[in-house]
Amino acid sequence: MGKKKKNPPSVKGKVLKKVTQEKKPKKGIDFPVVGIGASAGGLETLNVFFSNMPSDSNMAFVVIQHLSPQHKSIMASLLEKQTHMVVRQIEDSATIEPNHVYLNPPGKNVALFNRTLHLLEPSKETSINMPIDFFFRSLSEDEGEKAIGIILSGTASDGTMGIRAIKGEGGMAMVQQPDTAKYNGMPRSAVETGLIDFIIPVEKMPEALIRYVRHPFLVLSDREKVADTPVKNRMQKIFALIRSATGNDFSHYKQSTISRRIERRLAVHQIKSLTDYVLFLQKNPAEIQMLFKDLVIGVTKFFRDPEAYVALEQEALPDLLKEKAQDATIRFWVAGCSTGEEAYSLAMTLTETADKIKKHFNVQIFATDIDPVAIEVARKGIYPENIAVDVSPERLKRFFIEETGIFKVRKQLRDMVVFSIQNVIKDPPFSRLDLVSCRNLMIYMDSVLQKKIIPLFHYTLTPGGILFLGTSESIGENTDLFQPLNSKWKVFQRKTSFADTEMVYFRDSHYDAQPSVGIHEEKKLPVTTDVQALVERAILDAYAPVGVVINDAYEILHFVGKTDRYLIPPTGKPSFNILDMVREDLKNKLMVTLHKAVREEKNTTCRDVRVRYNGTFRAVNISVRWLMGEGLPSGFMLVLFEDTLPAGAPHEKKAGAGKTKKQDSDVQNLEHELESTREYLHATIEELETSNEELKSANEELQSVNEELQSTNEELETSKEELQSTNEELTTVNVELENKINEYSEASDDMNNLLAATEIATLFVDTDLCIKNYTPAAASLIHLIQTDIGRPLNDLKTRFEGVDLVALAGNVLKDLNTVELEILSQDDIWYSLKIMPYRTTGNIINGVVMTFVDVHKIKEADKFRRLATVLADSNDAVTVLDLEGNIKAWNKGAERMYGWTESEALKMNIRALLPDDEPNELKSTIAKLNRGEPINPFKSRRKTKEGNILEIWLTITALKDEKGRPVEIASTERDLAWLIQK
């Protein structure tokens with residue numbers, strides 16, 4: 001598959017930096033260019049990567065990171081410590097060199113064109129900038145099959161679409177093993193595409209990369225040509241293995257494309273000969289599936305070639321939809337839909353066009369592909385957040401639901417599209433379609449398949465239907481089937497074809513036309529020219545009779561020579577029937593001759609038939625000859641017309657010929673014409689008799705068919721009544737099911753809101769210990785996102801050290817006992833963990849349920865409860881006062897020491913306990929607390945209920961609010977007399 005001529009880098013069609021030089025043909029790849037994408041956690045992985053990469057690897061590395069435009073990057077100075085290669089920040093129009101590391105500057109996107117790095121402003125038309133995707137796409141366009149993309153640690157999904165582009169061009173993709181990445185969002189998103197060649201730890205990447213680039217596949221001089229004649233037999237064996245495993249035949253795909261994809265698999269597995277690779281395929285069935293996936297990679301995205309969709313929306317869809325009635329059914333077919341982006345793009349475009357003309361339609365879009373994995377992705381309708389680069393914010397808001405790191409297709413859009421696995425080459429097509437979209441599929445097929453595909457699309461479309469092709473595709477020679485609506489963006493409209501298939505069949509299969517003759521550069525015939533054939537053709541053109549080839553229905557299939565003296569085109573409706581085209585003077589004789597030849601099944605000739613041409617009479621011999629040959633359909637005849645001298649004219653006329661001879665000649669002519677008329681009438685009578693017998697037979701058959709139809713009609717009436725009854729039952733069941741669905745939907749909503757309101761983290765795990773579902777509280781506790789559903793529990797990094805959730809869940813599944821324990825998180829918060837079996841309504845164990853309840857406040861309250869118990873039972877008097885001196889707390893020690901009960905004390909002020917000579921103790925204490933001065937324990941006196949004065953040792957503590965201001969006073973008072981006694 002040849003590369004298209006590329007334009008300078010641009011964003012949304014706007015050229016941000018004009019590059020005037022044309023792309024020069026490459027004499028050979030001197031060194032590979034490796035694109036590396038990294039984000040959060042990328043510094044550590046880049047240090048490991050370049051510390052293991054030799055400085056003389058003869059590769060250039062372009063590192064793209066997510067950098068803040070407000071801060072200057074110091075990455076270059078950090079990486080210089082890990083490698084002896086030259087590390088520099090990219091400058092505009094910098095030519096890449098081997099053994100150099102190039103780093104993207106903050107706030108700029110990087111594009112590669114003609115092996116020169118260009119800096120571009122990020123597009124402001126999209127809310128999300130994906131610098132890694134942007135560079136990888138330009139890398140794939142510039143380097144093609146030699147492009148290499150590496151994804152390292154990072155969050156979100158940047159780089160995934162770029163990896164698709166690299167693989168679409170036949171390049172290589174390498175990703176850091178997700179469980180070794182500090183942040184596995186980017187590696188995991190790339191791995192989920194199923195397109196990655198190497199999934200390995202970062203420290204093993206340099207070795208694998210060096211082995212790959214040194215394979216003969218990337219060294220043109222040592223490269224084995226897979227497409228050469230000596231290895232075609234091995235290619236056929238590969239095709240046979242793929243067809244046996246997948247049911248798909250790639251033998252008619254473009255050999256250049258197939259060759260590159262197979263050669264790249266050789267490089268990945270370090271296999272240097274095609275023979276060894278055939279053996280490798282036979283021993284490793286999984287490699288057949290990987291090769292199949294490499295061959296069907298779909299380079300797709302939403303609204304690919306946006307201008308093409310604008311042309312479709314403005315020049316094709318309005319007229320197509322205006323002719324449709326309100327609520328009519330619109331049927332589209334997207335052939336080779338890959339992961340569904342094109343199908344959903346068409347659905348969005350159709351919806352917007354219908355809104356503009358204010359009509360509603362029932363839309364059916366059939367989207368098909370041979371790759372079951374791609375179809376499964378399309379059916380889910382979940383795409384990474386970087387589709388925001390290709391889909392406008394308005395469309396994202398209307399047609400998608402945004403979730404954490406993903407966009408999900410809304411139900412209204414999803415219901416328009418039906419995805420199915422189909423091989424457009426061998427499986428039956430759809431019919432009565434209004435539009436067929438086949439974009440960038442035929443570019444992978446050879447001319448044999450392309451000639452079959454275009455007539456197939458013509459058959460599937462209704463009159464006036466639309467054919468939407470890719471920018472590199474065309475309808476070829478089928479201009480009689482389609483007319484262009486927009487030639488640039490390949491939008492075509494179906495037109496009715498009057499081509500005669502039998503004539504085409506005969507021309508292509510049974511008429512061996514002589515090759516065209518050219519002139520040699522030295523004005524001599526080429527050495528391959530057959531001079532004898534040229535001479536024979538010239539003699540045939542000058543002296544051979546003219547004629548036509550017809551079938552058993554007398555339809556002309558081929559003209560031999562100039563037949564205008566015998567055949568003329570009819571007026572009005574066109575017809576190729578020879579009896580409609582022959583001149584009137586020849587019609588009767590020709591019909592008789594044809595009838596005789598068919599009746600007797602032998603060659604027949606009718607001589608001296610008079611025909612008027614240009615005001616004179618000529619005599620013509622009519623010959624009908626059967627054409628027989630191996631592989632030639634039966635019923636083909638050759639009708640020849642050959643001029644002779646005028647009928648009845650002698651070669652020499654003697655002067656003075658008598659009147660008697662002239663009369664005899666006239667009599668002979670009249671007798672000859674009478675005999676011809678008798679033969680014509682006899683043939684006509686025979687035809688009428690034959691026709692009458694056929695009509696009688698047909699009438700009997702029609703009577704029999706009529707009786708069968710009457711019987712069938714009675715059966716259909718009975719079936720109709722049964723169907724009506726069944727339909728009523730189905731309608732009732734359908735209503736009941738709809739009510740059930742509504743009830744289940746409401747119950748599901750209630751359950752979701754209940755789980756969210758309880759704020760209890762709950763995790764549902766299946767029997768394989770993979771995540772089935774989780775509550776919102778669990779997402780924040782264990783850092784889960786929607787795409788984690790289906791991942792093994794062992795892959796999660798929890799906040800609980802020393803707690804083996806996998807082992808605990810396995811034990812619960814094993815013995816079916818509930819496990820309850822308290823665990824401490826890394827941020828010192830206590831949780832109550834409960835693990836119990838997940839039981840279905842049929843009492844079947846289908847996994848386990850884990851709940852994490854925050855018991856930290858309960859633990860704290862329990863601690864304070866125990867402390868309060870200790871203080872309540874203390875022998876010391878413990879009291880709490882407000883700043884006015886009112887007693888707020890009074891323990892049992894205070895009751896024993898002073899005599900007042902707790903209920904009496906809570907109504908008192910502390911001043912009632914102060915002796916009369918110390919009234920200012922409370923005032924001075926509060927003043928010190930407000931100034932923030934510490935109050936050391938001191939000796940004081942208190943008055944009891946009986947009026948006794950006690951000597952006490954007083955300890956005062958300030959109780960403060962959130963702002964550090966004292967709000968209450970806690971005091972501990974010990975009787976010194978009791979202490980002395982002790």
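What follows is a chat between a visitor and a guide about a predicted model of a protein.

Visitor: Before we zoom in, how many helices and strands does the protein have?
Guide: Keep in mind that we're looking at a predicted model. Buried residues make up 42% of its 982 residues. As for secondary structure, the protein comes to 29 helices and 37 strands.

Visitor: And what share of the contacts with a separation of 6 or more comes from residues 24 or more positions apart?
Guide: Contact here means heavy atoms within 4.5 Å. Counting the pairs with a separation of 6 or more, those 24 or more positions apart account for 62%.

Visitor: How much of the accessible surface belongs to carbon and sulfur atoms?
Guide: The accessible surface of the protein is about 54700 Å². The part belonging to carbon and sulfur atoms is 52%.

Visitor: On to charges: how many salt bridges are there?
Guide: Side chains of opposite charge can pair when their charged atoms come close. The cut-off used here is a Lys or Arg side-chain nitrogen within 4 Å of an Asp or Glu carboxyl oxygen. By that rule the count is 25.

Visitor: Take R137 and D390. How many residues apart in sequence are the parts they tie together?
Guide: Their side chains meet in a salt bridge, at 3.4 Å from N to O. R137 belongs to helix α3 (residues 131-143), while D390 is in the loop between β15 (382-384) and α15 (393-399), so the pair ties together parts of the chain whose separation in sequence is 253 residues.

Visitor: Is D390 buried or exposed?
Guide: Buried means under 20% relative accessible area. D390 has 15% relative accessibility, so it counts as buried.

Visitor: Which residue forms a salt bridge with E287?
Guide: The closest N and O atoms of this pair are 2.9 Å apart, and the partner of E287 is R265. E287 sits in helix α10 (residues 285-295) and its partner in helix α8 (residues 255-268), so the bridge ties together parts 22 residues apart in sequence. E287 is buried at 5% relative accessible area, and also buried, at 3%, is the partner, R265.

Visitor: Which residues are joined with those two into one network?
Guide: Salt bridges that share partners link up here, and E287 and R265 are both members of the network. The others joined to them are K167 and D197.

Visitor: Staying with α10, which elements do its buried residues pack against?
Guide: The buried residues of α10 are E287, I288, L291, F292, K293, D294 and L295. They pack against α4 (160-168), α7 (232-246), α8, α9 (274-283) and α14 (372-380).

Visitor: How far apart are the closest N and O atoms of D355 and R398?
Guide: D355 is in helix α13 (residues 341-357) and R398 in helix α15, so this is a link between distant parts of the chain, 43 residues apart. D355 is partly exposed at 41%, and R398 is partly exposed at 35%. The closest N and O atoms in their salt bridge are separated by 2.5 Å.

Visitor: What is the phi of F303?
Guide: Most residues other than glycine have a negative phi. F303 is in the loop between α10 and α11 (306-315), and it is buried, with a relative accessible area of 6%. Although F303 is not a glycine, its phi is positive, at about 50°.

Visitor: And what is the phi of L769?
Guide: L769 lies in the loop between β28 (761-765) and β29 (771-774). At 18% relative accessibility, L769 counts as buried. Its phi is positive too, near 60°.

Visitor: Which residues form the negative surface patch that includes D749?
Guide: D749 is located in helix α22 (residues 659-758), and at 41% relative accessibility it counts as partly exposed. The patch is made up of E743, E746, D749 and D750.

Visitor: Leaving aside neighbours within four places in sequence, which residues is R911 in contact with?
Guide: R911 is found in the loop between α27 (902-905) and α28 (921-930), where it is partly exposed at 47%. Its C-alpha atom is 9.7 Å from that of K943, 32 residues away along the chain. Without those neighbours, the contacts of R911 are E884 and L922.

Visitor: Last one: is P428 buried or exposed?
Guide: P428 lies in the loop between β18 (417-421) and β19 (433-438). Exposed means over 50% relative accessible area. P428 is at 66%, so it counts as exposed.

Note on methods
Residues are numbered from 1 along each chain as its sequence is written. This is a predicted model: local features need pLDDT of at least 70, side-chain atom pairs count only at pLDDT 80 or more; totals for chains, interfaces and linings use all residues. Side-chain values use heavy atoms; hydrogens and water are left out. Patches are made of residues with over 30% relative accessible area and no salt bridge: like charges are joined within 9 Å, nonpolar side chains (Val, Leu, Ile, Met, Phe, Trp, Tyr) within 5 Å. Accessible areas come from the Shrake-Rupley method with a 1.4 Å probe; for residues, only the protein chains shown count as cover. Lys and Arg count as positive and Asp and Glu as negative; His and the chain ends are not counted. The place of a charge is taken as NZ of Lys, CZ of Arg, CG of Asp or CD of Glu. Helices (H or I, at least four residues) and strands (E, at least two) are DSSP runs, numbered from the N terminus. Buried means under 20% relative accessible area, exposed over 50%, partly exposed in between (1.4 Å probe, protein chains only).
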